[in-house]
Amino acid sequence: MNAYSFFKYFHSGFRYFVIIVVLLAIISAFAGWFGKKQYTEANRKTNLIAMILFHTQLLIGLVLYFLSPFVVFAKTTMKDPMARYWTVEHITMMIFAIVLVTIGHAKSKRITLPVGKHRTIAIFYSLAFLVVVVAIIQSHRPFFGITQ
Ligand code: HEM
């Protein structure tokens, strides 16, 4: 196994941690928001871990970006849908999702009322999740599964 395959499998598999924890954070945030619940230590940790996982995925993605044969810097890149997706679209959409999570986390930390904290996480993390789902669909790779 070379460095490219290693990082590809790592990045591909790591998405499940990102998706599972962000979904958990989103569900707890909606439950807290509409159920007018306290903002617990468990909520704080889930939201923080979700953000850390997003940032870790960004770091693995950045390494992969310079190893992947699908990332091409050429005149023809923008005309080739596959090269354009991996060189421009994937990184742009995913970084946008990571920024949303980071802003949501920071905003929620500054708010004092539990309902406001939950609402901020619910909105920002859901938007980020949506961007990730759209980006994966656009890749034309299966939502589940690892490309060999
Ligand atoms: C939450 C953030 C991200 C998620 C959920 C995600 C998810 C994925 C998925 C599902 C694949 C396909 C893997 C496969 O086919 O087995 C992939 C591939 C890839 N991602 Fe990401 N990604 C994220 C962020 C990033 C970022 C920020 C970058 C660049 C800095 C990046 C660069 C790449 C590259 C270069 C590939 C490789 C394609 C290949 O050579 O097959 N990803 N990513």
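**Helices first**

Helices here are DSSP runs of H or I with at least four residues, strands are runs of E with at least two, and both are numbered from the N terminus. With that in hand, Leu67 can be placed in the loop between α2 (41–65) and α3.

A quick word on the model. It is predicted, so local features need pLDDT of at least 70 and side-chain atom pairs count only at pLDDT 80 or more, while totals for chains, interfaces and linings use all residues. Residues are numbered from 1 along each chain as its sequence is written, and side-chain values use heavy atoms, with hydrogens and water left out.

**The iron site**

Which residues hand protein donors to the iron atom of the ligand? They are His11 and His90, each through NE2, lying 2.0 Å from the iron. (Donors are N, O and S atoms within 2.8 Å of the metal, or 3.2 Å for Na, K and Ca; water is not among the atoms, so sites may look incomplete.) His11 sits in helix α1 (residues 3–34) and His90 in helix α3 (residues 81–110), so the pair ties together parts that are 79 residues apart in sequence.

Why is the arrangement called octahedral? Because the six donor atoms around the iron atom of the ligand subtend angles of 85 to 179°. The rule for six donors is that opposite ones are over 155 degrees apart and all others between 65 and 115. For six octahedral donors, the ideal angles are 90 or 180 degrees.

Both histidines are tucked away: His11 is buried at 15% relative accessibility, and His90 is buried at 16%. (Buried means under 20% relative accessible area, exposed over 50%, and partly exposed in between, using a 1.4 Å probe and protein chains only.) Leaving out residues up to four places away in sequence, His90 touches His11 and Tyr85, where contact means heavy atoms within 4.5 Å.

**A helix with a kink**

Now for α3, the helix that holds His90. Its 30 residues reach 41 Å from first C-alpha to last, close to the 44 Å expected at 1.5 Å a residue; the expected span is 1.5 Å times one less than the number of residues. Centred on Glu89 is a kink of about 40°, the bend being the angle between axes fitted to the seven residues ending at a residue and the seven starting there.

At the N-terminal end of α3, Asp80 acts as a cap, with a side-chain oxygen 3.1 Å from the backbone nitrogen of Met82.

**Other places to look**

Back to Leu67, which is partly exposed at 34% relative accessible area. Its C-alpha is 7.7 Å from that of Ala3, although the two are 64 residues apart along the chain. Skipping residues up to four places away in sequence, Leu67 touches Ala3, Tyr4 and Phe7.

His118, in helix α4 (residues 114–138), is buried at 1% relative accessibility. Among the residues that His118 touches are Ser28, Trp33 and Tyr39.

**Two positive phi angles**

Lys36 is not a glycine, yet it has a positive phi of about 50°. You'll find Lys36 in the loop between α1 and α2, exposed at 70% relative accessibility.

His140 also isn't a glycine, and its phi is positive too, near 60°. His140 lies in the segment after α4 and is exposed, with a relative accessible area of 74%.

Conventions. Four donors count as tetrahedral if all angles lie between 85 and 135 degrees; four count as square planar and six as octahedral if opposite donors are over 155 degrees apart and all others between 65 and 115; anything else is irregular. A polar contact is a pair of N or O atoms within 3.5 Å; within protein, one must be able to donate a hydrogen and the other to accept it, and residues adjacent in sequence count only if both atoms are side-chain atoms.
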